[in-house]
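Biologist: I'd like a close look at one part of this model, and then a walk outwards from there. Take your time with it.

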Protein chains: 2
Amino acid sequence: MEQNNKLLIIPLGGLGEIGKNMTVFQYGEDIVILDAGLAFPEDEMLGIDLVIPDITYLLDNRDKVRAVVLTHGHEDHIGSLSYLLKEINVPVYGTRLALGLAEERLKENRVSGYQLMPVRPGDQITLGAFQIGFIQGSHSIPDACGLYFKTPVGTVVHTGDFKIDQTPVDGKLIDIHKFAELGNQGVLVLMSDSTNAERPGYTGSEREVAMALEEEFKDAKGRVIMATFASNVSRIQQAVHSACKYRRKVVVLGRSMVNVVNIAMELGYLEMPEGMLIEAEEMKRYRDEQILILTTGSQGEPMSGLSRMATNNHRSVSISPGDTVLIAATPIPGNETSVSKTIDNLLRLGAQVVYERISGIHVSGHASREELKLMLNLVRPKFFIPVHGEYRMQKQHSKIAEGLGVPRENIFVGENGDIFEFTKDTGRVAGKVKVGKVFVDGLGVGDVGNIVIRDRQQLSKEGILIVVVTLDKQKGVLLSGPDLVSRGFVYVRDSGELMNEAQNRVKVALERCESGKITDWSSIKLQIREVLGKYLNEKTGRRPMILPIIIEV
Amino acid sequence: MEQNNKLLIIPLGGLGEIGKNMTVFQYGEDIVILDAGLAFPEDEMLGIDLVIPDITYLLDNRDKVRAVVLTHGHEDHIGSLSYLLKEINVPVYGTRLALGLAEERLKENRVSGYQLMPVRPGDQITLGAFQIGFIQGSHSIPDACGLYFKTPVGTVVHTGDFKIDQTPVDGKLIDIHKFAELGNQGVLVLMSDSTNAERPGYTGSEREVAMALEEEFKDAKGRVIMATFASNVSRIQQAVHSACKYRRKVVVLGRSMVNVVNIAMELGYLEMPEGMLIEAEEMKRYRDEQILILTTGSQGEPMSGLSRMATNNHRSVSISPGDTVLIAATPIPGNETSVSKTIDNLLRLGAQVVYERISGIHVSGHASREELKLMLNLVRPKFFIPVHGEYRMQKQHSKIAEGLGVPRENIFVGENGDIFEFTKDTGRVAGKVKVGKVFVDGLGVGDVGNIVIRDRQQLSKEGILIVVVTLDKQKGVLLSGPDLVSRGFVYVRDSGELMNEAQNRVKVALERCESGKITDWSSIKLQIREVLGKYLNEKTGRRPMILPIIIEV
């Protein structure tokens with residue numbers, strides 16, 4: 001069993017992408033899973049709600065799985081926990097905020113019997129062959145951790161999502177001493193956050209936002225409405241501080257914002273002076289300049305609080321001139337257009353809108369190039385795996401490591417499913433396991449596959465033309481129809497001529513089939529598709545999905 | 001006819017959006033149309049190829065239309081000319097490059113009998129009540145012009161798309177003297193480009209790109225492949241200069257790139273030394289380091305040259321390690337994800353990829369805030385209309401003007417269809433004309449409307465379930481079916497149970513209809529929709545389009 005003296009690290013998600021982070025650590029008969037995240041669907045994944053990692057490898061090795069350990073409470077690290085625990089119920093370790101946010105999701109998804117094991121930064125736990133330590137990090141959510149895995153072949157350090165914030169809002173400095181200490185003791189592998197590997201310099205501190213925020217609070221004449229990621233508790237804390245200073249009450253709107261604020265307050269991650277938080281209904285008892293509204297929608301999500309306000313469609317808030325709206329988050333790539341529309345609509349309603357492009361109100365939660373260098377220099381790993389990034393970010397991160405002297409052959413720019421195999425002295429890619437994107441659509445997990453998505457893509461661009469043909473079972477002659485029904489192709493009422501001629505062409509084709517003694521359905525359907533496809537493309541330049549349905553009576 | 005002493009300016013496109021620029025200038029019995037552009041479809045306009053302005057107002061006033069005048073040759077300024085001229089054939093004035101690019105499109109769209117009237121920057125023409133002058137501008141395409149309209153009530157200056165490039169690549173400085181002269185003589189209205197009104201400082205010169213490009217050419221060991229907008233002739237010229245210096249031959253790939261390069265060379269806008277341009281087939285006669293490939297795809301467009309190369313799917317170029325790919329254009333909002341994918345794929349194939357985020361290889365073609373101030377100060381207008389921008393850009397631009405002393409009531413942050421009415425002393429919004437988005441889908445112009453788009457949206461997210469029911473004409477009883485066909489909802493082969501139960505529920509509903517003597521089709525269809533909709537939502541959490549089709553034989 002030579003295999004047993006080797007450490008395997010297998011990313012099931014999070015490489016070549018931002019999202020659905022999940023990594024398998026395996027030594028002998030023990031597996032520990034680091035994070036269980038989700039990804040949001042890409043544009044072409046039509047109708048899909050969420051994407052989660054394919055966990056076939058874990059199901060095949062379910063007896064070995066000891067636990068899940070969480071770096072922090074963001075969706076891309078905890079969002080597939082419900083689906084994982086339904087299959088493999090093992091204890092989940094993480095800081096209280098991460099577990100609090102995870103539990104919210106577990107309840108929503110009606111998972112029962114879960115075991116949540118709170119740890120603190122600085123704690124070390126033993127799980128099978130692994131001694132696992134949680135290192136205080138800094139990120140855009142409190143108590144984000146880096147982790148180390150002490151294994152029989154050496155130590156692995158995983159940074160988690162991090163930046164090196166010298167002035168964190170909660171006062172908890174990233175534990176650079178621990179990273180340094182591990183570096184001194186000798187680290188076999190470093191896995192480090194590549195999100196901002198393309199970005200020169202240093203990432204700004206959350207504290208910088210505080211000053212920008214305060215300026216806006218100082219100048220605001222009416223209500224202040226701030227939208228940010230619900231999970232960005234530090235940003236919310238700063239807004240609450242400013243509200244406190246300028247004597248505003250705080251109203252929290254939007255389900256996820258309410259949830260996070262409640263959890264963070266309950267667990268002591270968010271300070272809110274007594275009596276400061278009020279309900280939406282109480283707002284009318286205060287003047288506009290006494291109000292701060294915290295809401296979701298910083299990404300222009302159509303159903304979010306801010307989008308509803310922007311389209312004058314919110315239950316409890318109508319935007320009016322005098323309102324100051326702070327959008328305190330950068331648009332995630334792909335969301336720029338919806339964010340822009342939200343801003344435009346808010347401006348049209350007369351609000352002052354402060355957004356990143358004109359304010360610099362946002363700083364990233366991820367380390368830029370100089371911080372990544374510092375981390376590499378602190379930890380001084382023998383092997384390096386850039387993680388948490390799209391391919392070009394991993395690639396840039398690998399160049400940084402090379403520039404600092406990590407030998408090129410010791411750097412693995414890998415992809416999901418790669419089996420990274422380590423001994424005390426060696427590291428290599430030793431094969432691949434099955435990985436993939438599992439689509440969650442409504443209640444269905446994995447039931448929407450590529451065929452359905454391809455159909456949706458064609459339907460979305462060209463629509464569908466349904467051709468119903470009723471044949472006499474005995475004689476095979478046309479009893480009724482062909483009936484043509486269009487959805488998303490043309491509006492039939494405006495296209496009478498086109499549809500009539502299309503119907504004629506189908507009739508002629510059917511007569512040809514009849515006289516040619518062609519009776520099998522697939523040949524008849526093929527004929528209909530060909531004749532119609534050609535005609536419609538000629539006339540309209542489009543290729544709707546043509547769906548012949550043959551009924552025999 | 002008091003109306004006749006007033007100047008009307010009516011934007012039919014280009015306000016509240018980047019795209020489909022078209023503005024009506026009307027005085028008495030004379031209309032001149034400034035630009036005739038298209039817009040690219042937004043995400044939710046599924047399957048739409050192009051969007052053009054609604055020209056109802058022009059059709060209603062066709063006898064008054066004297067001409068179209070063009071600022072420059074970009075699609076968002078010339079792309080709907082074909083559709084306009086098919087309806088209203090009037091002469092088109094513009095610089096030779098703008099007309100050359102426009103003509104290409106007119107031929108493609110089989111427009112005949114058009115009259116193209118070349119002018120030079122500095123020329124002035126008389127069209128009805130208007131004296132119209134073309135002012136040399138600077139932008140990301142040569143001979144982009146600003147225009148002035150001398151009218152009986154005063155002068156209107158329209159900047160066109162511009163920046164103030166002090167070192168333009170073609171040596172043609174923007175004619176700041178003319179803008180100053182007009183300012184001295186007195187300007188009634190300034191209409192100025194708002195694209196970068198959110199951007200502080202000055203926009204970089206195209207010349208800055210030249211230096212960055214040269215660095216890349218100097219370092220490149222193998223082929224250089226540059227992707228940019230086909231219309232960015234200056235950028236292409238710089239690449240050709242660098243190629244020349246480093247003794248590379250030039251291969252042009254991609255239909256639009258080939259077209260523009262040919263037109264620009266023919267009209268003298270692009271210098272290409274004799275023998276330097278070679279065909280794709282000739283590439284094999286040269287070593288890699290002797291080749292520059294110019295291609296399209298800087299926006300990650302799926303069918304473009306660069307995207308095909310990135311997916312190893314190009315007819316004449318396979319990417320290999322050693323290739324240097326320069327992506328010399330910023331992603332347009334909404335295209336970030338596809339550009340990122342292209343970069344990732346090229347890196348995976350081993351190419352060096354130089355893109356904006358890590359190189360600063362792109363500069364914008366539009367003036368930033370300081371340049372916008374300079375323009376306002378040069379022209380010193382009585383009234384100001386920020387144009388060419390989304391609402392928040394117009395709004396920012398209006399604040400700039402206010403800051404420079406233009407009275408707030410003399411600034412019009414308007415929208416498409418507004419009738420801006422001016423006399424010698426007054427300006428106001430005097431009503432609205434019909435405007436809108438006309439969708440071009442394949443060969444159809446305007447035949448895809450909101451109903452079709454809504455259907456496509458539902459189809460794209462949830463798919464369709466077709467229920468065919470065959471009834472006996474006399475007795476109204478079920479002869480066959482119900483037959484269920486799914487496209488984009490579930491893959492039927494994997495969902496047997498769901499479909500069987502769905503079929504049963506429809507049967508029961510039909511029996512209920514029969515026993516209840518419900519025979520009208522719309523009631524039966526409603527029943528089917530309700531029963532199925534409820535069942536499927538319960539089981540899958542989704543709401544496919546349910547399309548009952550009743551056949552009577």
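At what angle do helix α4 (residues 96–108) of chain B and helix α8 (residues 255–266) of chain B pack, and how far apart are their axes?

Modeller: First, the ground rules: this is a predicted model, where local features need pLDDT of at least 70 and side-chain atom pairs count only at pLDDT 80 or more, while totals for chains, interfaces and linings use all residues. Residues are numbered from 1 along each chain as its sequence is written, chains are lettered from A and ligands numbered from 1 in the order in which they are written, and side-chain values use heavy atoms, with hydrogens and water left out.

Now your pair: α4(B) and α8(B) pack at about 135 degrees, their axes 10 Å apart. Helices here are DSSP runs (H or I, at least four residues), numbered from the N terminus. Axes are lines fitted to C-alpha atoms over the stretch in contact, with angles from 0 to 180 degrees between N-to-C directions. That makes α4(B) and α8(B) oblique to each other; under 35 degrees counts as roughly parallel, over 145 as roughly antiparallel, 65 to 115 as roughly perpendicular, and the rest as oblique. Their crossing is right-handed, that is, the near helix is turned clockwise from the far one by less than a right angle. On the α4(B) side, the contact (heavy atoms within 4.5 Å) is made by Leu97(B), Gly100(B), Leu101(B), Glu104(B) and Glu108(B), and α8(B) brings Arg255(B), Asn259(B), Val260(B), Ile263(B) and Ala264(B). By class, that's five nonpolar, two polar and three charged. Ala, Val, Leu, Ile, Met, Phe, Trp, Tyr, Cys and Pro count as nonpolar, Asp, Glu, Lys and Arg as charged, and the others, Gly among them, as polar.

Next, a pair across the two chains. The axes of helix α13 (residues 391–403) of chain A and helix α10 (residues 336–348) of chain B come within 8 Å and cross at roughly 50 degrees, so this pair is oblique too. Tyr391(A), Arg392(A) and Lys395(A) of α13(A) touch Ser340(B), Ile343(B), Asp344(B), Leu347(B) and Arg348(B) of α10(B). The split there is three nonpolar, one polar and four charged.

Within chain A, α13(A) also packs with helix α12 (residues 369–379), at about 55 degrees and with axes 10 Å apart. α12(A) passes α13(A) in a right-handed crossing.

As for the whole assembly, chain B lies on chain A with an RMSD of 0.1 Å after a turn of 180 degrees and a shift of 0.1 Å along the axis. The copies are thus related as by a two-fold rotation axis. They are superposed by least squares on C-alpha atoms of residues with pLDDT of at least 70 in both. In chain B, Ser460(B) comes closest to that axis, at 2.3 Å (C-alpha). And 100% of the interface residues of chain B are also interface residues in chain A, so the copies meet through the same surface.

Terms used: Helix = DSSP H or I, 4+ residues; strand = E, 2+ residues; numbered from the N terminus.
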